[in-house]
Amino acid sequence: MRIGHGYDVHRFQAGDFITLGGVRIEHTQAFVAHSDGDVLLHAVCDALLGALALGDIGRHFPDTDPRFNGADSRGLLRVVMNMVDGKGWHVINLDCTILAQAPKVSSHIDLMRTYLAQDLQVGLEQVNVKATTTEQLGYIGREEGIAAHAVVLLGRR
Ligand SMILES: Nc1ccn([C@@H]2O[C@H](COP(=O)(O)O)[C@@H](O)[C@H]2O)c(=O)n1
Ligand SMILES: C[C@@]1(CO)OP(=O)(O)OP(=O)(O)OC[C@H]1O
């Protein structure tokens, strides 16, 4: 078995929606990013890459490459999953935490899990997504950005 951890942060700018776990969420701000800024999916990509000692998302999808300008992070995740599959591994389970003072995401979590389960080729019961505020502390508490952690366990096919 292999375990991997991923962590990502994206800063806010003026805007009217964010994409989180592949779900469009109306909000009073938007992410600063080269791609769609999906901080949760970036953390998941890094966890998968980390489990197989394949570096990180920036190594595979450089933020200087115009091909990834505005990229759908579900597409990036599927590319990473092809690497996982190609090396003979499968996902046993994924657990994630979104750190966000706002917006509230609980009503979107089921759809995030559905998308993650599809992209990781696993059942819903193998994917958990949870959220916490930081009780108004720090940059997240000041609503300057959002962070996400992901931990994944892989098994041999
Ligand atoms: N952006 C967020 C943050 C939290 N939640 C949900 O609220 C619950 C309470 O959060 P605390 O930070 O006060 O522990 C948390 O368990 C989440 O279910 C959310 O939906 N969106
Ligand atoms: C996803 C990539 C690729 O366009 O860009 P960003 O959306 O800026 O995201 P980040 O997590 O800062 O780094 C990984 C990047 O290479």
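The UniProt record, an unreviewed entry, places the feature "domain: 2-C-methyl-D-erythritol 2,4-cyclodiphosphate synthase" at residues 1–154. The structure described here is a predicted model. Over residues 1–154, helix accounts for 31% of the chain and strand for 33%. The C-alpha atoms at the two ends of this stretch lie 6 Å apart.

Strand E7, which covers residues 145–156, takes part in two pairings described here. With strand E1 (residues 2–14), E7 pairs in the antiparallel sense over 10 bridges. Within this pairing, Asp8 has Ala148 of E7 as its bridge partner. Strand E5 (residues 89–99) also runs antiparallel to E7, and 10 bridges join the two. Here Trp89 has Arg156 of E7 as its bridge partner.

Helix H1 comprises 13 residues, 39–51. At 1.5 Å a residue the expected span is 18 Å, and because the end C-alpha atoms of H1 are 18 Å apart, the model agrees with this expectation. In an α-helix there are 3.6 residues a turn, so residues three or four places apart point the same way. Of the 13 residues of H1, 13 are buried, so the helix is largely enclosed by the rest of the structure. Burial here requires 20 or more other C-beta atoms within 10 Å of a residue's own. Just after H1, Ala53 adopts a positive phi of about 55 degrees.

Ligand 2 is surrounded by 13 residues, of which the closest are Ala33, His34, Ser35, Asp63 and Phe68. By class, this shell consists of 6 nonpolar, 5 polar and 2 charged residues.

Note on methods:
Residues numbered from 1 in each chain as written. Chains lettered and ligands numbered in written order. Predicted model: local features only at pLDDT ≥ 70, side-chain atom pairs only at ≥ 80, totals over all residues. Near = placed C-beta within 6 Å. Nonpolar A, V, L, I, M, F, W, Y, C, P; charged D, E, K, R; others polar. UniProt positions renumbered as here; feature names shortened; annotations may be inferred. Helix = DSSP H or I, 4+ residues; strand = E, 2+ residues; numbered from the N terminus. Pairing = 2+ DSSP bridges. Expected span 1.5 Å × (residues − 1). Buried ≥ 20, exposed ≤ 12 C-beta atoms within 10 Å, placed from the backbone.
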